[in-house]
Amino acid sequence: MHAPKLISFVVGFVLLGCPLTMHAQEPASSAPPIATPDYSQPTSAPPHAATTTQPSSDPATPPESLLIGPGDLLRINVLRESELDQHVRVLDSGEITIALVGNLSVQGLTPAQAAARIAEKYREGGFLLHPEVSVFVDEYATQTVTILGQVAHPGTVRLAAPRTLIDVISQAGGLTETADRHIVIERGGKDGERIRAFLSNRSDDALNADILVRPGDTVLVPKAGIVYILGDVAHPGGYVMQNDSQLTVLQAIALAAGASKTASEKRVRLVRNIDGLSQSVDLPLRDMERGRAPDVPLLANDILYVPFSLVKNVSLGIANITAAASSALIYAVH
């Protein structure tokens, strides 16, 4: 009597268990497989990874601006080999003396290139298997820049690294009122390269200029050209070409406070020295003032003569105008 109940219980359990088993396996067979990354295929980098690049392989990486030269004091460190650390000064020949290696030329190299060359010598000589060398320039032999010409304080200024031209001039007190904006930079000593730079008097252009001055350079700021305005003007004299070293006829007359009421504005006489000879040409001042004739640019040492009247203008020749210009008073333009 217990056997049939036991059999019924077992059969019922099996019948009930089968649907449960099938129900448990059904989701596994119908669910999509979990996607696993394939590390064998290249994947796109996350956004922040795009900014991590190797500086050494980037062709746009700017080179070192200061190279090792004679007289520089170098500090050489060898990782885990402190007995090989040393301070050494570059000889006039451009060589240094390295422990175990001997003389080695480093002139014209960057500190990183010099470190690589020293490490190579340690490997080639069998002194170190995997040398890790660092080179630092503790003192450059040429740490000054000479500034001459139209600056407030000509002389030398100390410079440990390249600086912009406007920074270097500011250390010399800035430009004077008679300074020309066309500046010459002599690089690398007397026989070095000469760079002609233009420092605009427009603030935005001057600040955006990327002209660099390096230790050892010489900066020469020449005197700006002078234009002489003579004749029947309010303030005759010589005027500095300060407007980016450019000046026109109308600008020059404006600097002289304009022509007087008694002046003959129909024409002005421009006297220019060409190959040692003074040449004169008449310009239509009245038409230029009214926009009917183009304004004429002036050159340094030009003489602009505004006639008093027809009779006085005829009586004055080129020689008299030139003599008057030589004694003209220079008015600083503010």
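Two strands are taken to pair where DSSP finds at least two bridges between them. In this predicted model, strand 9 (residues 182–187) and strand 12 (residues 218–221) meet that criterion, with three bridges and an antiparallel course. Within this pair, Val184 faces Leu220 of strand 12.

Both strands belong to an open sheet of five strands, ordered 7-6-12-9-10. Pairing in this sheet is mixed. Strand 7 (155–158) and strand 10 (193–198) form the edges, each pairing on one side only. From one strand to the next, the twist averages 25°. In general, the strands of a sheet pair through backbone hydrogen bonds, in either the parallel or the antiparallel sense.

Further along the chain, strand 15 takes part in two antiparallel pairings. Seven bridges connect strand 15 (residues 268–274) with strand 16 (residues 277–283), and the two run antiparallel. Val271 has Ser280 of strand 16 as its bridge partner. The two strands form a hairpin, with two residues between them. In the turn, Asp275 adopts a positive phi of about 55°. Strand 15 also pairs with strand 17 (residues 303–306), again antiparallel, over three bridges. Here Leu270 is bridged to Leu304 in strand 17.

Positive phi values also occur in two loops. Most residues other than glycine have a negative phi. Arg80 departs from this pattern, with phi near 65°. Arg80 sits in the loop between strand 1 (73–78) and strand 2 (86–89). The relative accessibility of Arg80 is 63%, above the 50% cut-off, so this residue counts as exposed. Leu100 likewise has a positive phi, near 75°. The loop that holds Leu100 links strand 3 (95–98) to strand 4 (102–105). Although nonpolar by class, Leu100 counts as exposed because its relative accessibility is 52%.

The largest nonpolar core comprises 23 residues. Leu74, Ile96, Val106, Ile118 and Val133 have the most contacts inside this core. At least two core residues come from each of strand 1, strand 3, helix 2 (111–124) and strand 5 (133–139). Helix 2 supplies the largest share, five residues. In soluble globular proteins, nonpolar side chains tend to be buried together.

The loop between helix 2 and strand 5 contains His130. With a relative accessibility of 67%, His130 lies over the 50% cut-off and therefore counts as exposed. His130 and Ala119 are eleven residues apart along the chain, and their C-alpha atoms are separated by 8.1 Å.

Internal space was also examined. The structure contains one cavity of 30 Å³ or more. The largest cavity encloses about 30 Å³. Its lining consists of Thr164, Leu165, Ile166, Leu199, Ala206, Ala209 and Ile211. Six of these lining residues are nonpolar and one is polar, while none is charged. The polar member of the lining is Thr164.

Methods: Residues numbered from 1 in each chain as written. Predicted model: local features only at pLDDT ≥ 70, side-chain atom pairs only at ≥ 80, totals over all residues. Heavy atoms only, no water. Helix = DSSP H or I, 4+ residues; strand = E, 2+ residues; numbered from the N terminus. Buried < 20%, exposed > 50% of the residue type's maximum accessible area, 1.4 Å probe, protein only. 1 Å grid on protein atoms, 1.4 Å probe; cavity = no way out; pocket = protein on both sides within 12 Å on 5 of 7 lines; lining within 4 Å. Points joined across faces, edges and corners; volume = space filled by probe spheres on them. Axes fitted to C-alpha atoms, helices over the stretch in contact; angles between N-to-C directions. Core = buried A, V, L, I, M, F, W, Y, C linked by side-chain atoms within 4.5 Å.
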